[in-house]
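Work through the exercises below with the model open. Each task is followed by a solution in steps.

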Amino acid sequence: MPHLAARSAGRRKLLALAGVAVTVLTTGAPAASSTTPMLPAAAARGTAYVETRLFFGTRRPDGGPEVTDGQFMEFVDRSVTPGFPDGLTVQDGRGQWRDSRGAIERERSYELILLYPAAQARSRAALIQRIRRDYVRLHAQDSVARLDEPTSADF
C-alpha cells in the first residue's frame with residue numbers, strides 16, 4: 001500500500017499544480033498585447049492624472065557654450081513655474097540623440113516632470129508647447145522631447 005499512497009500523493013500534487021496553472025492562465029497576468037498597464041492596488045485608488053516628462057539638452061548645435069545649471073533653473077523659474085505653481089520635479093541626466101545633421105550627440109541634460117489632473121490636459125497642452133518652444137529659442141536647441149503618460153496619483 002505505501003506504493004499506492006505515494007502514487008496518489010503524487011497525483012494530488014500534480015492536480016493541484018495543474019489547478020494553479022489554470023487559475024493563473026484564466027485570471028492572471030494580461031496578454032502581452034494588452035495596452036492597459038497593470039497597476040498595484042494602491043495606485044488604483046488615486047485620481048486620474050497625466051505625467052508629462054520634458055527632456056532638455058544642454059549642448060548647443062551651433063557650438064556655443066552649454067546651458068548651465070543656473071541658466072536652466074532661471075528658465076524653470078520664469079517659463080515653467082508660472083504655469084505649474086503646484087509643483088514639479090527636475091532631474092539631472094545624461095542623454096544621447098541624433099541631431100538635425102545626423103550626428104549622435106551625447107550631453108548633460110535635464111528631465112522636467114510635470115504632474116497635473118487629466119481633466120486639465122487640454123488646457124495644459126498649450127503651456128507645455130510654449131515651454132518647449134521657449135527653451136529651443138532661448139538656448140539654440142533643435143528640440144525638447146516630450147513624453148506623456150496617463151497615471152493616477154494620491155496625495
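**Exercise 1.** By class, how many nonpolar, polar and charged residues does the lining of the largest cavity have?

*Solution.* The model is predicted, with local features needing pLDDT of at least 70 and side-chain atom pairs pLDDT 80 or more, while totals for chains, interfaces and linings use all residues. Residues are numbered from 1 along each chain, and side-chain values use heavy atoms, without hydrogens and water.

Step 1. Search the whole structure: 1 cavity of 30 Å³ or more is found. A cavity is a set of points on a 1 Å grid over the protein atoms alone where a 1.4 Å probe fits but cannot get out.

Step 2. Take the volume, the space filled by probe spheres set on the points: about 70 Å³.

Step 3. List the lining, residues with an atom within 4 Å of a point: Arg59, Arg60, Pro61, Trp97, Asp99, Glu105, Glu107, Gln141 and Asp142.

Step 4. Sort by class, with Asp, Glu, Lys and Arg as charged and Trp and Pro among the nonpolar. The result is 2 nonpolar, 1 polar and 6 charged residues.

**Exercise 2.** Which order do the 4 strands of the open sheet have?

*Solution.* Strands are DSSP E runs of at least two residues; two of them pair if DSSP finds at least two bridges between them.

Step 1. Strand β1 (residues 47-57) is joined to β4 (residues 145-153) by 9 antiparallel bridges; Thr52 stands opposite Asp148 there.

Step 2. β1 also pairs with β3 (residues 104-117), antiparallel, over 9 bridges, with Gly57 opposite Ser109.

Step 3. The order is β2-β3-β1-β4. β2 (89-98) and β4 are the edge strands, each pairing on one side only.

Methods. 1 Å grid on protein atoms, 1.4 Å probe; cavity = no way out; pocket = protein on both sides within 12 Å on 5 of 7 lines; lining within 4 Å.
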